[in-house]
Amino acid sequence: HHYTHYSHYHTTMAPPKTLLDKIVYAIRQQPAASANGVSRAAIVKYLSAEFNVDKTKAASKKAFKDGVSKGILIQTGQSFRVKGDKVPEVAEEPKVTIEELKEGKGPAAESGDTVTVKYEGKLTDGTIFDSAKSFEFTLGAGEVIKGWDQGIAGMKVGGKRKLFVPSKLGYGKRGAAPEIPPNADLQFEVKLKSIE
């Protein structure tokens, strides 16, 4: 019986056999993006990576349907969760906290603008990890962390803001070695120098 070395897996969960078992497995292996569970696309992607299930098969569509009609899966929009499993506690989408230190003048910076800022970035313990007298980027284009795209929008030239950026809107689980550890919340002081 060549499974003996796998036996410790069996106690937690039998290897999924049917496509529906695999879908349930895939849902449980992934962090839910919302209280509705895991998106169909993410599940199908997982199935193809883990179990070599061909994404295009109508079979997976049918398995989702069966799961829902048998009351095993609960579908909301294009997301699925397993009935009876604890609904993931999904925190509110994190937001940047903005403290206006000084109101600028003129038009407000908006998505698509090229802005130049002076900034200093600190970790919550006060360590300065980054600063620049002049840094230029396109607002709202994903060139910088989300916390900046959100937190600098609406600033006017000459304005100063303090941004408190939760790690999810900063460098997240990966951090940015060596300065920024994983899951670090960040604080920035930003002055908007120009908008083009």
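How many residues lie between β6 and β7 in their hairpin, and which glycine in the turn has a positive phi? Keep that in mind as you open this predicted model.

**Stop 1: the β6–β7 hairpin.** Select residues 114–123 for strand β6 and 128–138 for strand β7. Four residues separate the two strands of this hairpin. The glycine is Gly-126, with a phi of about 95°. The strands are antiparallel and share eight bridges. For one facing pair, show Glu-120 in β6 and Ser-131 in β7, which stand opposite each other. Now colour β6 by accessibility. Seven of its ten residues are buried, leaving the strand mostly covered.

**Stop 2: the other partner of β6.** Add residues 186–195, strand β10. This strand also runs antiparallel to β6, and nine bridges join the two. Pick Thr-116: its bridge partner in β10 is Ser-194.

**Stop 3: a positive patch.** Stay in β10 and select Lys-191. Is this lysine buried or partly exposed? Lys-191 counts as partly exposed because its relative accessibility is 33%. Next, add Lys-102, Lys-105, Lys-118, Lys-133 and Lys-193; with Lys-191, these lysines form a positive patch on the surface.

**Stop 4: the loop before β6.** Go to Gly-112, in the loop between β5 (105–108) and β6. Gly-112 has a relative accessible area of 52%, so this glycine is exposed. Draw a C-alpha to C-alpha distance to Ala-141. The two residues are 29 apart in sequence, and the distance reads 6.8 Å.

**Stop 5: salt bridges.** Side chains of opposite charge can pair when their charged atoms come close. The whole structure holds five salt bridges. Three are worth a visit, starting with Arg-28 and Asp-85.

- Arg-28 and Asp-85: the N to O distance is 2.8 Å. Arg-28 sits in helix α2 (residues 19–29), while Asp-85 is in the loop between β3 (79–82) and β4 (97–102). The pair links distant parts of the chain, 57 residues apart. Arg-28 is partly exposed at 42%, and Asp-85 is partly exposed at 29%.
- Lys-62 and Asp-66: here N to O is 3.0 Å. Both lie in helix α4 (residues 58–69); they are four residues apart, so about one helical turn separates them. Lys-62 is exposed at 52%, whereas Asp-66 is partly exposed at 24%.
- Lys-156 and Glu-103: the closest N and O atoms are 3.2 Å apart. Lys-156 belongs to strand β8 (residues 156–157) and Glu-103 to the loop between β4 and β5, so the contact ties together parts 53 residues apart in sequence. Lys-156 is partly exposed, at 26% relative accessibility.

Notes: Residues are numbered from 1 along each chain as its sequence is written. This is a predicted model: local features need pLDDT of at least 70, side-chain atom pairs count only at pLDDT 80 or more; totals for chains, interfaces and linings use all residues. Side-chain values use heavy atoms; hydrogens and water are left out. Buried means under 20% relative accessible area, exposed over 50%, partly exposed in between (1.4 Å probe, protein chains only). Two strands pair if DSSP finds at least two bridges between them. Patches are made of residues with over 30% relative accessible area and no salt bridge: like charges are joined within 9 Å, nonpolar side chains (Val, Leu, Ile, Met, Phe, Trp, Tyr) within 5 Å. Accessible areas come from the Shrake-Rupley method with a 1.4 Å probe; for residues, only the protein chains shown count as cover. A salt bridge is a side-chain nitrogen of Lys or Arg within 4 Å of a carboxyl oxygen of Asp or Glu. Lys and Arg count as positive and Asp and Glu as negative; His and the chain ends are not counted. The place of a charge is taken as NZ of Lys, CZ of Arg, CG of Asp or CD of Glu.
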